[in-house]
Amino acid sequence: MYCKNCGEKLDDMAVVCPKCGCPTDNFYANGNAGDKRPAADDAPSAGFSVLCFFFPIVGLILYLVWQDTYPLRAKSCGKGAIIGVVVEVVLGLLVGIIAGVATCAAFAMTAPY
Ligand SMILES: [Zn+2]
């Protein structure tokens with residue numbers, strides 16, 4: 001058979017392409033897909049979203065750890081982490097702008113002219 005990804009000629013028993021590393025039909029037929037199947041108790045988790053919102057680095061780690069076994073929960077973590085990062089960046093910019101404006105205003109008020 002041939003690799004579906006790169007067209008390399010493969011051994012009929014090969015489970016992954018040695019050239020590009022892509023899984024072949026055998027990979028899934030051998031039940032490896034079962035190992036990758038999400039755990040039965042996988043579910044989106046609002047709690048983890050909130051946790052990862054406040055600690056995006058935790059969210060990133062949990063996302064990487066869980067993306068195979070708990071994809072839904074991992075997605076909750078990833079989403080929370082991304083929103084957390086965006087909000088923190090926006091808040092950081094706002095605080096910076098406000099602080100800058102306040103500094104300018106204070107400087108203008110204390111200026112002698
Ligand atoms: Zn290949």
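Start by selecting K19, and show its contacts: K19 touches C3, C6 and E8, leaving aside residues up to four places away in sequence. The model on the screen is a predicted one. K19 is found in the segment before α1. Measure from K19 to E8, C-alpha to C-alpha: the two are 11 residues apart in sequence and 7.1 Å apart in space. Is K19 buried or exposed? It falls in between: K19 is partly exposed, because 13 other C-beta atoms lie within 10 Å, and a buried residue would need 20 or more.

Next, select K4. K4 also lies in the segment before α1, the helix that covers residues 25-29. K4 is partly exposed, with 14 other C-beta atoms within 10 Å. Now add L93 to the selection and draw the C-alpha to C-alpha distance. K4 and L93 are 89 residues apart in sequence, and 47 Å separates them in space.

Zoom out and colour the chain by domain. Domain 1 takes in residues 1-37 and domain 2 takes in residues 40-110. How far apart are the C-alpha centres of domain 1 and domain 2? They lie 38 Å apart.

Move to domain 2 (40-110) and select helix α5, residues 71-110. Place a ruler between its end C-alpha atoms: they are 57 Å apart. At 1.5 Å a residue, the 40 residues of α5 should span 58 Å, so the two values agree.

Stay on α5 and highlight its buried residues. These are R73, A74, S76, C77, G78, G80, A81 and G84. What covers them? The cover includes α3 and α4, the latter running over 56-66.

Now add helix α3, residues 46-54, to the view. Two packed helices are described by the angle between their axes and the distance between the axes. For α3 and α5 the angle is about 35°, and the axes are 7 Å apart. Turn the view until one helix lies in front of the other: α3 passes α5 in a right-handed crossing.

Show the side chains where these helices meet. From α3, pick F48, S49, V50, L51, C52, F53 and F54. From α5, pick R73, S76, C77, K79, G80, A81, I83 and G84. Colour the residues of this contact by type, and they divide into nine nonpolar, four polar and two charged.

Go on to I57, which is found in helix α4. I57 counts as exposed because it has 11 C-beta neighbours inside 10 Å, and the limit for exposed is 12 or fewer. Add A81 and draw the distance between the C-alpha atoms. I57 and A81 are 24 residues apart along the chain, with 7.2 Å between their C-alpha atoms. A81 is one of the buried residues of α5.

The last stop is V85, in helix α5. How many other C-beta atoms lie within 10 Å of V85? There are 16, so V85 is partly exposed. Finish by selecting Y28 together with V85. The pair is 57 residues apart in sequence and 36 Å apart in space, C-alpha to C-alpha.

Notes: Residues numbered from 1 in each chain as written. Predicted model: local features only at pLDDT ≥ 70, side-chain atom pairs only at ≥ 80, totals over all residues. Domains from an automatic or database assignment. Axes fitted to C-alpha atoms, helices over the stretch in contact; angles between N-to-C directions. Helix = DSSP H or I, 4+ residues; strand = E, 2+ residues; numbered from the N terminus. Left-handed = near helix turned anticlockwise from the far one by under 90°. Contact = placed C-beta atoms within 7 Å. Nonpolar A, V, L, I, M, F, W, Y, C, P; charged D, E, K, R; others polar. Expected span 1.5 Å × (residues − 1).
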